[in-house]
Amino acid sequence: MPLETPARIVRALTDRGYNAEREAVTLIANQSDPVRALERAVESAPDDVLVLSAEQVRETIENDPTGAGYTTPQEPAAEKTPAESSPDTNPHVSSGTDSDQSPQSGGGAADETEGSREADSDDSGLTESTATGADGSQTATTVKRPDETPPERGQQSAQSETAGAASERSVEGRDITVSGDIASIGTGKYSDFVSVFQDRYEKLSRQLRGRVNHRPADTIEQMSPGSDAALIGLVSDIRSTASGHWLVELEDTTGTFPCLIMKDREFADDVRNMLHDECVAVEGTLADDGGILFVDSLHFPDIPRTHSPSTADRPVKAALISDVHCGSEEFLGDAWQRFADWLHTPEAAEVEYLLIAGDMVEGIGVYPGQDEELDIVDIYDQYEAFSEHLKEVPGDIEIVMIPGNHDAVRLAEPQPAFDEELRDIMSAHDAQISANPSTVTIEGVSVLMYHGVSLDEVIAELPDESATYDRPHDAMAQLLRKRHVAPQYGGQTRVAPEPEDHLVMEEVPDIFHTGHVHKLGYGKYHNVLMVNSSCWQSQTDFQKKVNLQPDVGYAPIIDLQTLDLTIRQFV
Ligand code: D5M
Ligand code: FE
Ligand code: ZN
């Protein structure tokens, strides 16, 4: 019998161009003649149907003219193998699962994972969850960017690089709202560079205003020497003096002002964690000649320590992955297959969401010499191949995707969502497609999804105690503290000139999800759960040269009811 496992049924359906709901697969598997059930389900599927629903399969089975050998899903055939029985009663784990390969599976603690480390920040507390049994109750997903009035569909200008807009649709049992796309209306003119920084200052200074009694830089210039003063500004320069103190120049909308941080201050080390263009507040005393502020306290926008994350009110889980790199010679198709197969097992029944934080495909011309490692050289063919892999993911899992630096959208951040052409290619799974970054609210839990290009910069610029490739979540914590996903302008991370700064974290997320550095890392920072997904690509030539050992094939799974994290590996 060639169709004895749900994984095989999924594969057979994918070969025929179909994606399927898990219950549809189970129904087919439960038939005494699954081959016939599958063929009939496919034959009777309407032409425009891409996702085979349980309802449609049930109908096909009920309307089978022979009816011979069919069993109802409620009454599994007595002689069935474990793999063919229903998820509720089936202890069997499909051959694609990681159960005997992953150090985490079977109840191992998440922090035993090689290549992943838990942040040692003040309030970490990751645990593992192995709860089972979905109740299938109402769900709600919102994909949105904070601070955004999404345009109506079709309202974007012709030169706009964004494709989508707010959309609402009703999927069986779920209420989904997507308002994720940015309408890129930047013209690339100087005025947009000015306005994106003005907006950054406006949004971040608002977060600091309650903590200091600040004055504009030009007012401070006029104040009498020796007076107390406070200033909020974007960091325009950081220098160390001959005697080892720090001279930090802050800029607001009225001018710049130099601030001196003495090396013996307890917050002097924080200067090492500063990046150009981030927003900070200082309080201190003006020097005798008035031309410099001696800093007594330094404040970052930060996440309040009292932040209490929201949780789902039913048992439901989300898998957070990134960096699939389909089309690369190093793409790990087998690992992906095992992951997709696992999603069809009873163990994964509660996984209702799959978030993919960028780099769906390997892309073309991303790095010099990259073409030598391409398995698929045409970018559209890469997305076609990725779409085939998406079909292996259960059709009843909600997928949310944002682009990364390898994807076919503009490189400058914020990156708009995939355009219509790419959406069409990837339409089989009907994923939610949004900008980089985006905030996705699942069952009341907000997830800030950001691909993570700025992590390279944070890791390069900050001292090792603050961020390394082995601890990408430390770099993420720095971004949370700065309340900005890509603070530094003019470096590696390209920031688009726009009327608004969409990269500011105006709202505190419950979960912060990034990728890009191809390392697994997780931890908590002021109760925000941080997850840097690994990747589905083995070490590339470049990574070999710079000795970057990627963590591959991990799928962090978050229980949205408890925010417990389980790490699974599928290599
Ligand atoms: O990048 C994956 C990681 O590897 C990320 O930390 C950047 C780094 N990387 C990979 N290739 C290069 C080249 N050629 N130059 C600089 N940095 C590189 P990803 O963009 O996700 O492939
Ligand atoms: Fe990547
Ligand atoms: Zn990347």
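Start with aspartate 456: an N or O atom in its side chain sits 2.7 Å from an oxygen atom of ligand 1. Keep in mind as you look around that this is a predicted model. Taken alone, ligand 1 would expose 470 Å², and the protein buries 86% of that.

Aspartate 456 has company. Tyrosine 367 brings a polar side-chain atom to 2.7 Å from an oxygen atom of ligand 1, and asparagine 405 does something similar at 2.8 Å. Zoom out a little and you'll count 14 residues surrounding the ligand, with Asp359, Tyr367, Asn405, His406 and Asp456 as the closest. What is that shell made of: how many nonpolar, polar and charged residues? It splits into five nonpolar, six polar and three charged ones. As for the space that ligand 1 takes up, that's the second largest pocket.

Now hang on to Asp359, one of the closest residues to ligand 1, and follow it to the metals. The iron ion (ligand 2) is coordinated by Asp323 through OD, His325 through NE2, Asp359 through OD and His518 through NE2, at 1.8 to 2.3 Å. Read along the sequence, these donor residues follow the spacing D-x1-H-x33-D-x158-H. Aspartate 359 and histidine 518 link distant parts of the chain, 159 residues apart. You'll find aspartate 359 in the loop between strand E12 (351-357) and helix H9 (379-391), while histidine 518 is in the loop between strand E17 (511-514) and strand E18 (521-525).

And which residue coordinates both the iron ion (ligand 2) and the zinc ion (ligand 3)? That's aspartate 359 again, with the two ions 3.1 Å apart.

How values were computed:
Residues are numbered from 1 along each chain as its sequence is written. Chains are lettered from A and ligands numbered from 1 in the order in which they are written. This is a predicted model: local features need pLDDT of at least 70, side-chain atom pairs count only at pLDDT 80 or more; totals for chains, interfaces and linings use all residues. Side-chain values use heavy atoms; hydrogens and water are left out. A residue is near a molecule or strand if one of its heavy atoms lies within 4 Å of it. A polar contact is a pair of N or O atoms within 3.5 Å; within protein, one must be able to donate a hydrogen and the other to accept it, and residues adjacent in sequence count only if both atoms are side-chain atoms. Accessible areas come from the Shrake-Rupley method with a 1.4 Å probe; for residues, only the protein chains shown count as cover. On a 1 Å grid over the protein atoms alone, a cavity is a set of points where a 1.4 Å probe fits but cannot get out, and a pocket is an open set with protein on both sides within 12 Å along at least five of seven lines; lining residues have an atom within 4 Å of a point. A molecule sits in a cavity or pocket if more than half of its atoms lie within 2 Å of its grid points. Ala, Val, Leu, Ile, Met, Phe, Trp, Tyr, Cys and Pro count as nonpolar, Asp, Glu, Lys and Arg as charged, and the others, Gly among them, as polar. Donors are N, O and S atoms within 2.8 Å of the metal (3.2 Å for Na, K and Ca); water is not among the atoms, so sites may look incomplete. Helices (H or I, at least four residues) and strands (E, at least two) are DSSP runs, numbered from the N terminus.
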